[in-house]
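These are my notebook entries on one structure. I record what I looked up, entry by entry.

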Amino acid sequence: MSPTLVEPKHLPVLLETGPFRVVQAKSIDDLSPFAEAWNDLALQMPQRLPMLSHAWVTSFLEHQLQPNESWFALLALQEEVLVGVLPLVMSPHRVSGIHCPRLRTPGNEHTRSVDLVVALGSEAFVTRLLLSAVLRAQPEYFSLELSAIPEMSPTVLTLGVAAEQAFVRTLPSGRGSVLKTTGSFEGFHDRLSQNFKKNHQKSRKKLARLSGVQLRFLTGSQATPEELERFLKVEGSGWKGRAGTAIEQSPKLVSFYTAVVQRLSRLGWLEWTFLEAEGRTISGQLAVRMGGALTILKIGYDESYRSCSPGNLLFEETARRAFASPDIVEINCLTDMAWHDKWGMEKMEYLDIQIYPRRPLSLFFGYLPKQARLGVSRLPGIRPLYRAGRMFLKEVLRNEQGGEAIRRVH
């Protein structure tokens, strides 16, 4: 794929070295000229996740920030080619009266694994460039956190670059489930447990006794944003509706998903799957086709048809279709649920990455306390050093002159 050229508006340059420069964007309009190039970069990333795209990140920034949060994005350019993106959310934080904001990549329970997006072949250099630009954009930042980053991410593989500029911690952050769709569907199906297949066959027979059974795959121009309302109704018809966690019960979430599906539909990445019976939609699935991956974002079903296992039937047909498509290499379910194991899915590890700049405040009030909880404080000399350092900083920060001295350290 040839690089997509960009013609950015006049944005402040934070860092420049040779043909490379990093500019800062602070509005959705600032990001618009980079949309196509950003999405193209996301398509090339090994994670194959829609959350890496301009389409997803801008929807999050528009609709999912907390009241006290703001954001900015760093964009690395090699002349007229976009080679890296790092979107960051900023929340206020103070240590002994000193302003030192916390930074994080966009994320919550509806948005996982937002990461640096970098041109393949230049991962280490571009990562170093973007992390250096963070200090230029927010020289007093306390910490930077990237949440639920897949283990194959270029960011994970280039953590040594981050460690050159900061103290870095990595922590397990759960697992996801992935079904590799190489080989044949029949071979995959044969490997499933006999008990599961027997129960699943019973569910299929119950479904066959219903009238008007129909499965609808909507892709390309047929996958319109208007289907969101249909999906939200079936997603909110069961336990999520009773628990108050259904998307349709939150205007903020409805606005977010509306924006996401509109942008994904324009890109041709959006896919809907609906299982119908007796004149009703009894199961629905929201998915994204991005490169060689089909990422399942949400599944919902009508619990009055639970004896037919509509969710499992929907997934079976999704897998059958994926195995038949030479362009799809995996189905990514993002999370790790008990029903995934029945389908023999592989597990993918996620990591939380915490980056603390090499400054006294971040070291003694951020990095070292977190490390101490992991038992590092038991090492000879670490505990007294940590205590002495904190006491010294607190004493210095008690008076205004000391505060100014610490600010100069920043």
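**Entry 1: S309 and E79**

I began with S309, which I record as partly exposed because its relative accessible area is 21%, and the limit for buried is under 20%. The model I am reading is a predicted one. I located S309 in the loop between β14 (293-301) and α12 (310-324). I then looked up its backbone angle: phi of S309 is near 45 degrees, a positive value in a residue other than glycine.

I found a second residue of this kind in E79, where phi is near 55 degrees, again positive and again not in a glycine. E79 is placed in the loop between β3 (70-78) and β4 (81-91). Is E79 buried or exposed? I enter E79 as exposed, because its relative accessibility is 55% and exposed means over 50%.

**Entry 2: L52 and its surroundings**

I turned next to L52, in the loop between α2 (35-44) and α3 (54-63). L52 counts as buried, since its relative accessibility is 1%. Which residues are in contact with L52, once its neighbours within four places in sequence are left aside? I listed W38, A42, M45, Q47, S113, V114, D115 and V117. I also checked L52 against P87: the two are 35 residues apart along the chain, and their C-alpha atoms are separated by 9.7 Å.

**Entry 3: Helix α3**

From that loop I went on to α3 and asked how many of its ten residues are buried. The count is eight, and I therefore describe α3 as mostly covered, with buried meaning under 20% relative accessible area. The buried residues of α3 are H54, A55, W56, V57, T58, S59, F60 and L61.

**Entry 4: V161**

V161 belongs to helix α6 (residues 159-165). I enter V161 as buried because its relative accessible area is 8%. Beyond its neighbours within four places in sequence, V161 is in contact with A124, T127 and R128. I also looked up the separation of V161 and Q24: they lie 137 residues apart in sequence, and the distance from C-alpha to C-alpha is 21 Å.

**Entry 5: Salt bridges**

How many salt bridges does a search of the whole structure find? The search returns 22. I examined several of them one at a time.

The first entry in my list is R175 with D336, where the closest N and O atoms are 3.5 Å apart. This pair links distant parts of the chain: R175 sits in strand β10 (residues 166-180), D336 sits in the loop between β15 (330-332) and α13 (338-342), and 161 residues separate them. R175 is partly exposed, given its relative accessible area of 37%. D336 is partly exposed as well, at 30%.

D336 appears again in a salt bridge with K347, with 2.6 Å from N to O. This pair too links distant parts of the chain, as D336 is in the loop between β15 and α13 while K347 is in strand β16 (residues 346-357), eleven residues away. K347 has a relative accessible area of 26% and is therefore partly exposed. I then asked which residues are linked with D336 in a network of salt bridges. They are R175, D341 and K347.

I also looked up E227 and R230, which form a salt bridge with their closest N and O atoms 3.6 Å apart. Both lie in helix α9 (residues 227-235), three residues apart, about one turn of the helix. The two partners fall into separate classes of accessibility. E227 is buried because its relative accessible area is 18%, which is under the 20% limit. R230 is partly exposed, with a relative accessible area of 23%.

**Entry 6: A positive patch**

My last look-up concerned charge at the surface. Which residues form a positive surface patch? They are K198, K202, K205, K206 and R209. I followed one of them, K202, to its place in helix α8 (residues 194-208). K202 is recorded as partly exposed because its relative accessible area is 47%, and exposed would require over 50%.

Terms used
Residues numbered from 1 in each chain as written. Predicted model: local features only at pLDDT ≥ 70, side-chain atom pairs only at ≥ 80, totals over all residues. Heavy atoms only, no water. Helix = DSSP H or I, 4+ residues; strand = E, 2+ residues; numbered from the N terminus. Buried < 20%, exposed > 50% of the residue type's maximum accessible area, 1.4 Å probe, protein only. Contact = heavy atoms within 4.5 Å. Patch = residues over 30% accessible without salt bridge, like charges linked within 9 Å, V, L, I, M, F, W, Y side chains within 5 Å. Areas by Shrake-Rupley, 256 points an atom, 1.4 Å probe, with all protein chains shown as cover. Salt bridge = Lys/Arg side-chain N within 4 Å of Asp/Glu carboxyl O. Lys, Arg positive; Asp, Glu negative; His and termini not counted. Charge placed at Lys NZ, Arg CZ, Asp CG, Glu CD.
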